[in-house]
Amino acid sequence: GLLGTYSLQAELYRQFPVFRKTGGQEVLYLHEGGQWSVSQGLGEEQSLRSRLRGSLTPPGDSRWEFWDVEDGEWRTEPSISVLPFRHPEYLSLEYKGDDQVVREVFESEMLEGMYKKQNIVHNTCPYYVKGEK
């Protein structure tokens, strides 16, 4: 399916950013028609597109439409939205399982606790450091 998490890629298409679905081949990109589109590949038939044209980034709202195969036309669907993913400022790490080896590692390494997001990024992911909230 088309729904999921799309990550910014290093490649550009027509001088604009490309987002690729995690675990899939689908892409979100600026189509030749001026709409942000989701399809199986760059330049391929659109399955989902923004109604807004000419935006420099994917519209972060519910103004998207899908191709209705049965009727052969674009249909607006207000329940579809494209929203940016935001990493949380804090993560809580704890172990509640029964595996004694894992529990011992958590205890000996003092892994449980609150982790705060830092202004450091590694492989496009934020870096968290254990500390107090």
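## Close-up views of a predicted model

Of the 133 residues in the protein chain, 26% count as buried. Keep in mind as you browse these legends that this is a predicted model.

**View 1. The whole chain, with its 1 helix and 10 strands.** Let's begin with the overall layout. Following the sequence, the elements come in the order β-β-β-β-β-β-β-β-α-β-β. With a radius of gyration of 20 Å, well over the 14 Å from the globule rule for 133 residues, the protein chain is more spread out than a compact globule. Its C-alpha trace spans about 60 × 30 × 25 Å along the principal axes.

**View 2. Contacts and surface of the protein chain.** How many of the contacts between residues at least 6 apart in sequence join residues at least 24 apart? In the protein chain that share is 19%. As for the surface, about 9300 Å² is exposed, and carbon and sulfur atoms supply 52% of this area.

**View 3. The hairpin of strands β1 and β2.** Here you can follow β1 (residues 6-13) alongside β2 (residues 16-21), paired in the antiparallel sense over 5 bridges. If you would like a pair to start from, look for Leu12, whose bridge partner in β2 is Pro17. Between the two strands lie 2 residues, and Arg14 in this turn has a positive phi of about 55 degrees.

**View 4. The hairpin of strands β2 and β3.** Strand β2 also pairs with β3 (residues 27-30), again in the antiparallel sense, over 2 bridges. One bridge to look for links Phe19 with its partner in β3, Leu28. Which residue in the turn has a positive phi? Gly23 does, at about 75 degrees, and the turn puts 5 residues between β2 and β3. While you have the strands in view, a general reminder may help: in a regular strand, side chains alternate between the two faces of the sheet.

**View 5. A nonpolar patch on the surface, formed by Ile120, Tyr127 and Val129.** Together these three residues offer about 270 Å² of accessible area. Tyr127 sits in strand β10, which covers residues 125-130. Why can Tyr127 count toward a surface patch? Its relative accessible area is 44%, which makes Tyr127 partly exposed, and patch members need over 30%. So Tyr127 clears that cut-off.

Definitions and conventions. Residues are numbered from 1 along each chain as its sequence is written. This is a predicted model: local features need pLDDT of at least 70, side-chain atom pairs count only at pLDDT 80 or more; totals for chains, interfaces and linings use all residues. Side-chain values use heavy atoms; hydrogens and water are left out. Patches are made of residues with over 30% relative accessible area and no salt bridge: like charges are joined within 9 Å, nonpolar side chains (Val, Leu, Ile, Met, Phe, Trp, Tyr) within 5 Å. Accessible areas come from the Shrake-Rupley method with a 1.4 Å probe; for residues, only the protein chains shown count as cover. A salt bridge is a side-chain nitrogen of Lys or Arg within 4 Å of a carboxyl oxygen of Asp or Glu. Helices (H or I, at least four residues) and strands (E, at least two) are DSSP runs, numbered from the N terminus. Buried means under 20% relative accessible area, exposed over 50%, partly exposed in between (1.4 Å probe, protein chains only). The radius of gyration is taken over C-alpha atoms; the globule rule is 2.2 Å times the number of residues to the power 0.38. Contact means heavy atoms within 4.5 Å. Two strands pair if DSSP finds at least two bridges between them.
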